[in-house]
Amino acid sequence: MRNLYFIITLVFVSSQLFSQTDKDFKVYWDNGLKINSRKGNTKIKMGGRLQYDVMWIHQDDSLNSHFAAQNGAEIRRARIYTSGTIYKNIKFKLQFDFAGGVTVIKDAYIQLTKIPAIGNIRVGNFKEPFGLNMLTSSKYITEMERPLSNEFDNDRSLGFMLYNQHLNKRLSWFGGYFYPSGNAGKYKGNQYNLVFRLTGLPIYNVNQEYKILHLGISFAHQYHDNSEFSVEFRPEAHLAPKYLNLRIDKVADNNDFNGEFLLIYNSLSLESEYTAAIIKPSSTSTLTKSSYRVFAYYATLSWFLTGEHKNYVTSKTTFDRVTPKRNLGQNGGFGAVELSVRYSHVNLDDADLSGGIMNDITGGINWYLNPAVKVAFNYVYSDVKNLGKANIFQMRFQVVF
């Protein structure tokens with residue numbers, strides 16, 4: 001908690017200092033505290049998010065015989081960050097998460113921009129460029145949790161990345177070299193990840209009607225140096241048990257492939273991804289085959305009852321903040337209401353590799369009271385092959401600034 005108090009104090013003192021120099025800086029609020037130099041050389045933003053979740057779970061007798069499940073509540077995320085641009089061509093971001101009573105560095109990177117031919121270089125701790133849903137901030141994902149296929153994505157790691165955008169940001173490419181640091185902020189060893197992503201916008205019309213077609217592909221080569229490989233899957237509820245557990249004693253490397261599809265047509269949107277992993281055990285592994293294929297996919301359908309639409313940002317190639325037409329309490333406004341349904345599937349079985357198969361159906365209602373506050377309701381039906389079924393109800397109260 002001392003770290004949290006220190007950061008809050010730092011933010012407050014910084015804002016007071018900048019506000020004292022009105023001739024040099026402009027300080028204002030725009031869904032977060034923003035501090036811009038009058039000359040435009042420096043731009044700083046400070047913000048955060050708070051997500052409080054509650055969950056009720058019911059397992060059938062078969063699942064109960066294998067897993068202990070309890071209702072619960074948690075602070076899912078409690079983050080504070082600062083980001084900005086210094087002298088127009090240097091960007092940075094520093095973000096901490098305090099959920100669970102543990103301080104974790106999430107984003108901590110420096111980025112050089114406007115480099116001829118290359119475009120941008122980013123170094124530090126940040127998300128590997130793999131997958132649409134993973135790269136979308138947890139503030140803006142449709143359901144409370146990401147789909148089952150998300151477990152194949154590596155999230156944040158130490159490394160560096162090159163990326164650029166062309167054709168008025170309708171074509172984007174990313175390539176990076178990462179160490180599997182697991183958000184520890186430190187890594188020693190021989191393992192590494194090579195990750196590439198390419199996205200395009202064949203359709204982009206946001207003037208009269210809101211029509212977007214986003215297509216993307218990603219590839220990741222992960223060198224494991226003959227170490228253990230493991231991946232665990234829980235239903236799309238963070239407090240639920242982990243029903244699938246795949247472990248391989250020794251793995252040389254694995255190659256992950258991902259395909260992205262996103263269609264937004266005014267208030268309707270369809271998002272889908274397919275991810276396959278080709279795992280190559282070491283010659284000394286107890287498994288019999290030279291390679292194994294596991295895969296997962298999902299499809300999410302969303303509709304805004306109140307006429308809003310998903311907000312796609314070309315510079316990020318992901319979703320961003322939803323802005324209601326009329327905020328709750330503003331001229332009789334009720335905010336924005338979004339209905340969604342998602343189907344997810346993961347298959348971890350191949351020959352003598354038996355990790356299991358699971359299917360999830362998630363239905364959701366998102367109530368956006370204003371651009372900063374959202375209340376989410378999710379129902380998750382999870383079917384674990386040969387093990388049993390679970391019904392899960394959960395809610396989230398979210399503030400983003």
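Two strands are said to pair if DSSP finds at least two bridges between them. By that criterion, strand β19 (residues 373–384) pairs with β20 in the antiparallel sense, over 12 bridges. The model discussed here is predicted. This briefing covers the pairing of β20 and then the surroundings of R247, N41 and S340.

**Strand pairing around β20**

- Strand β20 spans residues 388–400 and also pairs with β3, in the antiparallel sense, over 11 bridges.
- Within the β3 and β20 pairing, Y52 has F397 in β20 as its bridge partner.
- On the β19 side, A390 in β20 stands opposite S382.
- Three residues lie between the strands in the hairpin of β19 and β20, and N386 there takes a positive phi near 65°.

**R247 in strand β12**

- R247 belongs to strand β12, which covers residues 244–265.
- R247 counts as partly exposed because its relative accessible area is 45%, a value that falls between the 20% limit for buried and the 50% limit for exposed.
- The side chain of R247 makes polar contacts with two side chains: that of E228, at 3.4 Å, and that of N245, at 3.4 Å.
- E228 also appears among the residues in contact with R247 once neighbours within four places in sequence are left aside; the others are F229, S230 and E232.
- The C-alpha atoms of R247 and A299 are separated by 27 Å, with the two residues 52 apart along the chain.

**N41 in the loop between β2 and β3**

- N41 is located in the loop that connects β2 (33–37) and β3 (43–59).
- With a relative accessible area of 25%, N41 is partly exposed.
- When residues up to four places away in sequence are not counted, N41 touches T85, I86, Y87 and K88.
- N89 is 48 residues from N41 along the chain, and the C-alpha atoms of the two are separated by 8.7 Å.

**S340 in strand β17**

- S340 lies in strand β17, which runs over residues 336–350.
- S340 is classed as buried because its relative accessible area of 8% is under the 20% cut-off.
- The side chain of S340 is joined to that of E143 by a polar contact of 2.9 Å.
- E143 is also one of the residues that S340 touches, not counting those up to four places away in sequence; the list further includes T142, L301, S302, T362, G363 and G364.

Technical notes:
Residues are numbered from 1 along each chain as its sequence is written. This is a predicted model: local features need pLDDT of at least 70, side-chain atom pairs count only at pLDDT 80 or more; totals for chains, interfaces and linings use all residues. Side-chain values use heavy atoms; hydrogens and water are left out. Helices (H or I, at least four residues) and strands (E, at least two) are DSSP runs, numbered from the N terminus. Buried means under 20% relative accessible area, exposed over 50%, partly exposed in between (1.4 Å probe, protein chains only). Contact means heavy atoms within 4.5 Å. A polar contact is a pair of N or O atoms within 3.5 Å; within protein, one must be able to donate a hydrogen and the other to accept it, and residues adjacent in sequence count only if both atoms are side-chain atoms.
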